[in-house]
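Hello,

Please find the structure below, for you to look through. My notes on it follow.

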Amino acid sequence: MDETIRNLVRQRAGNVCEYCRLIQAGQAWARFHIEHVRPRQHQGTGDLDNLCLACGHCNRYKGPNLASIDPVTNELTPLFNPRIDRWAEHFLLSEHSILGVSPSVA
Ligand SMILES: [Zn+2]
């Protein structure tokens with residue numbers, strides 16, 4: 001991936017993981033990943049509108065998934081998409097935890 005694209009993704013995210021809001025500057029031991037929101041194995045592209053900045057934990061946890069079973073409704077639900085979903089509409093910071101407050105409806 002072109003370094004210019006990587007830098008644009010980092011700048012757009014403000015050097016914060018777009019899934020958990022962890023700040024890159026506090027993680028000098030690990031550089032955040034440029035993640036494909038829609039994975040390449042599901043025909044995701046390397047276009048800016050399909051890329052996001054993710055910490056290693058979030059990137060590994062999400063993996064190539066696009067959806068999961070909502071534990072409340074037991075329905076297949078799209079995962080949070082940082083390109084189209086607003087973080088504050090789906091999550092809430094509570095002390096040291098992130099709480100899901102609504103399913104993604106992308
Ligand atoms: Zn993260």
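A residue is called buried if its relative accessible area is under 20%, exposed if that value is over 50%, and partly exposed in between. Leu 66 therefore counts as partly exposed, because its relative accessibility is 39%. Keep in mind throughout that this is a predicted model.

Leu 66 sits in the loop between α2 and β3 (67-69). Its C-alpha is 8.8 Å from that of His 42, although 24 residues separate Leu 66 and His 42 in sequence.

The zinc site

Which residues are the protein donors of the zinc ion? They are Cys 17, Cys 20, Cys 55 and Cys 58, each through its SG atom, and they lie 2.3 Å from the ion. Along the chain these donors follow the spacing C-x2-C-x34-C-x2-C. Cys 17 is in the loop between α1 and β1 while Cys 58 is in helix α2, so this pair ties together parts that are 41 residues apart in sequence.

The angles between the four donor atoms around the zinc ion run from 103 to 117°, and the arrangement is therefore tetrahedral. For that label, all angles must lie between 85 and 135 degrees. The ideal angle for four tetrahedral donors is 109.5 degrees.

Are Cys 17 and Cys 58 buried or exposed? Cys 17 is buried, because its relative accessibility is 0%. Cys 58 is buried as well, with a relative accessible area of 12%.

Phe 32 can be placed relative to Cys 58. The C-alpha atoms of Phe 32 and Cys 58 are 9.7 Å apart, and the two residues are 26 residues apart along the chain. Phe 32 belongs to the loop between α1 and β1, and at 5% relative accessibility Phe 32 is buried.

The nonpolar core

Cys 17 comes up again here. The largest nonpolar core has 15 residues, and Cys 17, Tyr 19 and Leu 53 are those with the most contacts inside it. Two or more residues of this core come from each of α1 and β2 (51-54). The most come from β2, which gives four residues.

Salt bridges

How many salt bridges are there? The count comes to four. Three of the pairs are described here, starting with Lys 62 and Glu 35.

In the pair of Lys 62 and Glu 35, the closest N and O atoms are 2.9 Å apart. This salt bridge links distant parts of the chain, with Lys 62 in helix α2 (residues 56-62) and Glu 35 in strand β1, 27 residues apart. Lys 62 counts as buried because its relative accessibility is 9%. Glu 35 is also buried, at 3%.

Glu 18 pairs with Arg 83, and here the closest N and O atoms are 2.8 Å apart. Glu 18 is in the loop between α1 and β1, and Arg 83 is in the loop between β4 (76-78) and α3 (87-90), so the pair links parts of the chain 65 residues apart. Glu 18 is buried at 8% relative accessibility, whereas Arg 83 is partly exposed at 24%.

Arg 31 forms a salt bridge with Glu 3, with 3.6 Å between the closest N and O atoms. Arg 31 is in the loop between α1 (3-13) and β1 (33-36), Glu 3 is in helix α1, and the two are 28 residues apart. Arg 31 counts as exposed, because its relative accessibility is 52%. Glu 3 is partly exposed, with a relative accessible area of 40%.

Backbone and surface

Which residues other than glycine have a positive phi value? Asn 15, with phi near 55°, is one of them. Asn 15 lies in the loop between α1 and β1 and is partly exposed at 33% relative accessibility. Glu 95 also has phi near 55°. Glu 95 is in the loop between β5 (91-94) and β6, and at 77% relative accessibility Glu 95 is exposed.

On the surface, Leu 92, Leu 99 and Val 101 make a nonpolar patch of about 250 Å². Val 101 is in the segment after β6 (97-100). Val 101 is partly exposed, because its relative accessible area is 47%.

Regards

Notes: Residues are numbered from 1 along each chain as its sequence is written. This is a predicted model: local features need pLDDT of at least 70, side-chain atom pairs count only at pLDDT 80 or more; totals for chains, interfaces and linings use all residues. Side-chain values use heavy atoms; hydrogens and water are left out. Patches are made of residues with over 30% relative accessible area and no salt bridge: like charges are joined within 9 Å, nonpolar side chains (Val, Leu, Ile, Met, Phe, Trp, Tyr) within 5 Å. Accessible areas come from the Shrake-Rupley method with a 1.4 Å probe; for residues, only the protein chains shown count as cover. A salt bridge is a side-chain nitrogen of Lys or Arg within 4 Å of a carboxyl oxygen of Asp or Glu. Buried means under 20% relative accessible area, exposed over 50%, partly exposed in between (1.4 Å probe, protein chains only). Donors are N, O and S atoms within 2.8 Å of the metal (3.2 Å for Na, K and Ca); water is not among the atoms, so sites may look incomplete. Four donors count as tetrahedral if all angles lie between 85 and 135 degrees; four count as square planar and six as octahedral if opposite donors are over 155 degrees apart and all others between 65 and 115; anything else is irregular. A nonpolar core is a set of buried Ala, Val, Leu, Ile, Met, Phe, Trp, Tyr and Cys residues joined through side-chain atoms within 4.5 Å.
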